[in-house]
Amino acid sequence: MTMTTTTRPAFETARPTSKLDVMKQNLFKQKRQISLERAKLYTASYQQTVGQPTIIRRAKATAYIMDHVQISIRPEELLCGNRTVRPRSGILSPEMDPYWIMQEIDTIGSRPQDQFEFTATDRQYYREKLLPYWSGKSMKDFINAKITPEVKAAEDDLVIKLNQTDKGQGHIIMDFPAILQQGVGAYVTKLTAKQTAASDNDFYAAALIVFKAMQRHFDRYAALAQTMAEDETLPTYRRLELTEMAAMNHRLTTEKPQTFYEALQLLWMTSIVGQYESNASSLSLGRMDQYLYPFYQASKADGVPADFMWEVLGDFYLKTDDVVLLRSAESAKCFAGFPTGYTVALGGLDKYGQYSVNELSNKMLDLYQDIQLPQPNLSVRINEQIPRRFLNKTCETIRLGTGIPMLFNDEVCVPGFLSNGVSLDDARDYAVVGCVETTIPGKTYGLHDIALFNLMRIMELAMYELRDDVTVTYASLRQRILDKIDDYVKIVTAGSDIVDLGHREFAPIPFLSALVADCIDNGQDVTEGGARYNFSGVQGIGEPNLADALYAVKQLVFENHEMTFKTLMDHLANNFAGDNGEALRQHLIHDFDKYGNDNAELDMECAKIFRHYALELGKYKNIRGGEFNAGAYTVSAHIPLGEDVGATPDGRKAHDQLADGGLSPMVGRDHLGPTAVLKSVSKIDNTLAVNGSLLNVKFSPNTLKGANGIRKFADFLMAFTQLKIRHVQFNVQSRETLIDAQQHPENYAGLVVRVAGYSAFFVDLNKRIQDDIIRRAEHVL
């Protein structure tokens, strides 16, 4: 792209050509490496603040990091702020859990998924310095000590899995419109006044410590940019850009942004400070096209060249790909491919109930078509008002095959929030956090990924309990499953509250809390319940398999009387080995209908199970006084959770994967086309999945070719909207391409695919997840 020259300040017109491709290449030149810098600085600060309140210690540690972390402005960057000097480094949080990294210290570079280099010097430092200091002092120690025998037994039963026990919570959207409209200086002034009026309130003191450190951090970058600008060996255009970067970063210490460029700089730096504070996944970005549009309009009216705004927004996109999350090997199975959660929602309703799409919404899709990386994780909010032109552009972007953007249905999401006591204006302003979780931006602490709940494992336990009961009926089997759901729901909510309490006691987040509505007024951190809305989300996993299995048992045993329940259980216990075992398995797979093919009786079984689970979960309140909300998505946990389940009556062999996504049919079992899949999913009351649901659909690339392909695809999306389904996302890659990429990864380094609620580089995924994506049914329209 050639940069346009107009009568503007020199820095906006000086760049001779776009540098986005260069910056993109620079991101991936080096291998991913673990950085101990944050851990060392955090620990050094904690050693100096012994005896002080935890929230003050956390704030001082975050400030210490910002004052001492090595900073850099990378070649051609227009935006300042990086977690590490080396791109795409993994960050450790030993204050959360120092133990898992020690267990993997020699294997993290060679493990099956999400490898990182860990230098010998850093491994020695970790063993000798960090591990001894944090052992016995971490959040993990606190949580483990609080876990009750009932929760431990449920974990040992492989029914529940508690999340966020080894890292910052994340899964939240800060009030970016507020800080962009007011600036950092206004928050310092506000918090200073609050602290003066309530000198014993540690939250105000802690938040003020971090915001003042943020001002100093801006000035550190301003000084660095000015020093770099004095380098006469740099091209003139670069020296002009660096001079402006220095001035802009200094202005933003006290002043609110006026231009699109300044707004993006403050937005990114706010995100980075949040990362320094908690090193958490899914500090998502909300409705960028809505809150940035006034700045975009102002800069456009002021004559800022379109090419410059494209370049700086492109730089922002690339910086989201610089942040990769370091997870344990077990966690990486569930979140394979470094999903960071820089999720963005485009379009959707405004407060008047009208569809809100603007020039920036379109530009953000256009730019993604140019960048084509896993982050930012764009989504489009869709409803019956969506302009056809914007819908077509959405379809054209999906056609690229990266799985971005995903779609969220206002016709379901808004009523879901209204049913949870959210105001109409706030419900219409919902956005997407993490993978597919929905939230109210800037007003919610939702703990959206607090636990996983394996419904298929519950069915297995129920069946084995009834294995020798000669009086068993379909009704008694089904009731046993429902009763066990109730029992384990009570346990998972108790376990989730323990994790919630762990974050309150060990990991308050005063900076982020100050950017969540009502926390400053309440004088409380989000972990104490200071946010306007306080939810906890537990993912119910395995509904499609459970429905398929129940339907098969009902017909095979109780209606057709082909064998006794005991005989079926013997075959399952033997994993379909022995006489007639494989024949039975094929019979179960091919001769009984499966979810995803518009069988009303079968689909309603899935709907009834999920409704029971969601309503039971909704009976409980969390320790912040908020509701527990049900989700129906797996991320990539359908593979490890499948490993926890033996052979099942849907024809699954022991330890095979569960259905991908959450509400997607079991791989290869949807035979009647994509519309039948939609009809099956639509029978579930999607408004109950307030925490999020996930539907994967895979299309043949030829299906979306040309104007006619886009027209048919757009019609399909409107059918999705009218059927009141919450979410859908797409892979548009041929089976042949994916198989070739698996066999010749060196030729497909840039191939991005949809995994679950996020996209990732195909070659970064382990073979089991690659195989899962390859096996998904490839539909045509």
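In strand S18, the residue that serves as bridge partner of Val 697 is Phe 730, and this pairing is a good place to begin reading the model, which is a predicted one. Val 697 belongs to a pair of strands, S17 (residues 696-699) and S18 (residues 727-731), that run in the parallel sense and are joined over 3 bridges. Strands of a sheet pair through backbone hydrogen bonds, and they may do so in either a parallel or an antiparallel manner.

From this pair one can step outward to the whole sheet, which is open, contains 6 strands in the order S6-S7-S8-S18-S17-S21, and has mixed pairing. At its edges are strand S6 (343-347) and strand S21 (778-779), each of which pairs on one side only. Helix H19 (residues 388-398) packs on this sheet, where it touches S6, strand S7 (377-382), strand S8 (406-409) and S18, and the direction of H19 makes about 145° with that of S7. Another helix, H20 (residues 410-418), lies across S7 and S8 and runs at about 55° to S8.

Two of the loops that lead into these strands contain a cis peptide bond. In the loop between helix H18 (359-371) and S7 one finds Pro 376, and the peptide bond from Gln 375 to Pro 376 is cis, with omega near -5°. In the loop between H19 and S8 there is Pro 405, and here the peptide bond from Ile 404 to Pro 405 is cis, with omega near 0°. A backbone feature of another kind appears at Glu 76, which has a positive phi of about 75° although it is not a glycine; Glu 76 is placed in the loop between helix H4 (54-68) and strand S2 (90-91).

Part of the chain also carries a label from a database record: an unreviewed UniProt entry annotates residues 661-781 as "domain: Glycine radical". Over residues 661-781 the chain is 36% helix and 16% strand, and the C-alpha atoms at the two ends are 21 Å apart.

The next step is to look at how helices meet one another. Two packed helices are described by the angle between their axes and by the distance between those axes. Helix H3 (residues 37-48) and helix H6 (residues 120-134) pack at an angle of about 30°, with their axes 11 Å apart; because angles under 35 degrees count as roughly parallel, H3 is roughly parallel to H6. The crossing of H3 and H6 is left-handed. On the H3 side the residues in contact are Ala 39, Lys 40, Tyr 42, Thr 43, Tyr 46 and Gln 47, and they meet Asp 122, Tyr 125, Leu 130, Tyr 133 and Trp 134 in H6. Sorted by class, the contact of H3 with H6 has 7 nonpolar, 2 polar and 2 charged residues.

A second pair of helices is H26 (residues 543-559) and H29 (residues 600-617), whose axes come within 9 Å and cross at roughly 125°, an angle that makes H26 oblique to H29. The crossing in which H26 passes H29 is right-handed. From H26 the contact includes Pro 544, Leu 546, Leu 550 and Tyr 551, while among the residues on the H29 side are Leu 602, Cys 606, Ile 609 and Phe 610. The residues of the contact of H26 with H29 divide into 9 nonpolar, no polar and 5 charged, and Asp 548 and Lys 554 in H26 and Glu 605 in H29 are among the residues that take part.

How values were computed:
Residues numbered from 1 in each chain as written. Predicted model: local features only at pLDDT ≥ 70, side-chain atom pairs only at ≥ 80, totals over all residues. Heavy atoms only, no water. Axes fitted to C-alpha atoms, helices over the stretch in contact; angles between N-to-C directions. Helix = DSSP H or I, 4+ residues; strand = E, 2+ residues; numbered from the N terminus. Parallel < 35°, antiparallel > 145°, perpendicular 65-115°, else oblique. Left-handed = near helix turned anticlockwise from the far one by under 90°. Contact = heavy atoms within 4.5 Å. Nonpolar A, V, L, I, M, F, W, Y, C, P; charged D, E, K, R; others polar. Pairing = 2+ DSSP bridges. UniProt positions renumbered as here; feature names shortened; annotations may be inferred.
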